[in-house]
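Could you walk me through this fold, a piece at a time? I'd like to see how the strands, helices and buried parts fit together.

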Amino acid sequence: MPSPRSLSRLALCQLLLLLGLMPAGPVWAAEPERVSYALIIANNASLDPKLAALRYADDDGARYYELFAPQARETVLLSVLDEETQARHPGLAARTRPPTRAGLKESLARLNAKMAQDRKAGLAPVLYFIFTGHGQRGAAGEGTVSLLDGPFNRSDLYSQVITPSPASFIHLIVDACDSYFFVNARGALPIGPAQTAAVTRHLASRELDRYPQVGVVLSTSTARESHEWSTLSAGVFSHQVRSALAGAADVNRDGRVEYTELTAFIAAASQGIEDVRGKLDIFARPPPLDRSAPLSDLGRNSGLGYLLVPEGIGGRMWVEDTRGVRVADFNKERERPLVLALPPERSYYLRSAGREARLTMPRAGAVMDAGGLAWSTSVVASRGAMEEAFRDKLFGVAFGPSFYSGYVASLGEAPVGMDEGPDLSP
């Protein structure tokens, strides 16, 4: 097993410069320091008795927590972790609160007070508001998500989360059925003509465009379902988002993951899925105030460790820790290195079809070189039509500059700058 010193000193310095962990030179712009907060709501239960409880929303909440906690000034998890999830994440249940309306209100008030103090201190606070669980449309067309003791609808989102927030930027990440309608007011309203005008005015007063500091990433762009996959023990969309934010979507290797990078990464990961039940149709919009605002900035003293997968290693791969928690999936081009950020002080397996290599991330800031790992044979099995569709096709397309450039051009979006950066190969 290679040590963190397995990279040459030059390559290590280049990597740290790339990620922003060492000063590259004089700072010319006095950009306010960004500090982040994460409020994660994960609820398996549904308020609709006709809907079965989810299996893995609490797992997604736990994994979002472990990704954000090393990076954020404060990370809050509102969830009831089931027995299996508590066994996989020992000690986490003691740091959670139930996902109730009162718990959400108290958490928002505390975080808002801290972010207001940040603003007074000249800092730029960033709020991540993440929900994973059940969602549906109400009678007036408004999207609603299920908390433990009641619904939380689109009006609540705007009046309780967005409007009063002192955050410089808010990133909304929602993994729920009909999540599009939890944020947006488009679509036919299933009500009588006499009520339509009043309801439309009500929804229009909360249009997303009125809040240019808000960016959104939603699991559906229409009235569609979100999916869980037992092999991941997670929601497919949430797993893809976490993989992207961990660095798998960083196409230009600047240590930041912007909205176009995340959406292109998910498009590549989902492209081969032919079963309509498994197709993702996400909706994402960066904050208009700064369309290049990063969803993830792994170079800002993130508290994470780094796995370097160098040139010459490519194909579909995933990282799983020794608890059985699948941390990230990606399909890497052989010609370019990839840097993946991982929670420190634990051991992992880097896996591909039929083989695996074990590594330990000893501490925050450590850099492990996958090029020096010892590989052994492994077997991964799954059953069922959806299992086979996800196993064979999910992350089946290599993600890199070629796919990214074509995808972003097809949307008419401005791409990230493609500075080649330093050579990170050992």
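Start with strand β9, residues 214-218, which runs antiparallel to β13 and is joined to it by three bridges. One spot to find on screen is Val216, whose bridge partner in β13 is Arg285. Keep in mind as you look around that this is a predicted model.

Now zoom out. That pair belongs to an open sheet of seven strands with mixed pairing, in the order β3-β2-β1-β4-β8-β9-β13. The edges are β3 (96-97) and β13 (283-285), each of which pairs on one side only.

Two helices lie across this sheet. Helix α4, residues 101-120, crosses β1 (34-43), β2 (74-79), β3 and β4 (124-133), and runs at about 175° to β1. Helix α5, residues 154-162, lies across β4, β8 (169-175) and β9, at about 145° to β8.

Let's stay with α4 for a bit. With 20 residues at 1.5 Å each, α4 should span 28 Å, and its end C-alpha atoms are 29 Å apart, which agrees. Its buried residues are Gly103, Leu104, Ser107, Leu108, Leu111, Asn112, Met115 and Asp118. They cover an arc of only 155° around the axis, so they sit on the same side of α4. What covers them includes β1, β2, β3, β4, β7 (151-153) and α5. Look at the other side of α4 and you'll find Ala102, Lys105 and Lys120 exposed. After the helix comes Gly122, with a positive phi near 85°.

Helix α2, residues 57-68, tells another story. Its twelve residues reach 16 Å from first C-alpha to last, close to the 16 Å expected at 1.5 Å a residue. Here twelve of the twelve residues are buried, so α2 is largely enclosed by the rest of the structure. The buried set includes charged-looking names you might not guess, among them Asp58, Asp59, Asp60, Arg63 and Glu66.

So where do the nonpolar side chains go? In soluble globular proteins, nonpolar side chains tend to be buried together. The largest nonpolar core in this model has 62 residues, and those with the most contacts inside it are Leu307, Phe330 and Leu340. Helix α9, residues 259-270, gives the most to this core, with eight residues. Apart from that core lies another one of 32 residues, including Ile41, Leu104, Ala167 and Val216. Two of those names should ring a bell: Leu104 is one of the buried residues of α4, and Val216 is the residue bridged to Arg285.

Back in the 62-residue core, click on Leu340. Leaving aside residues up to four places away in sequence, Leu340 touches Ser243, Ala246, Gly247, Ala248, Gly305, Tyr306, Leu307, Val319, Ala328 and Phe330.

A hairpin is worth a look too. Strand β16 (residues 315-321) pairs with β17 in the antiparallel sense over six bridges, and Arg316 stands opposite Asn331 in β17. Four residues lie between the two strands, and in this hairpin Gly324 takes a positive phi near 90°. Strand β17, residues 326-332, is mostly covered, with seven of its seven residues buried.

Finish on the outside, with Glu83 in helix α3 (residues 83-88). Glu83 is exposed, at a relative accessible area of 73%. Ala93 is ten residues away from Glu83 in sequence, and their C-alpha atoms are 9.9 Å apart.

Technical notes: Residues are numbered from 1 along each chain as its sequence is written. This is a predicted model: local features need pLDDT of at least 70, side-chain atom pairs count only at pLDDT 80 or more; totals for chains, interfaces and linings use all residues. Side-chain values use heavy atoms; hydrogens and water are left out. Two strands pair if DSSP finds at least two bridges between them. Contact means heavy atoms within 4.5 Å. Axes are lines fitted to C-alpha atoms, for helices over the stretch in contact, and angles run from 0 to 180 degrees between N-to-C directions. The expected span of a helix is 1.5 Å times one less than its number of residues. Buried means under 20% relative accessible area, exposed over 50%, partly exposed in between (1.4 Å probe, protein chains only). The arc is that of the directions from the helix axis to the C-beta atoms. A nonpolar core is a set of buried Ala, Val, Leu, Ile, Met, Phe, Trp, Tyr and Cys residues joined through side-chain atoms within 4.5 Å.
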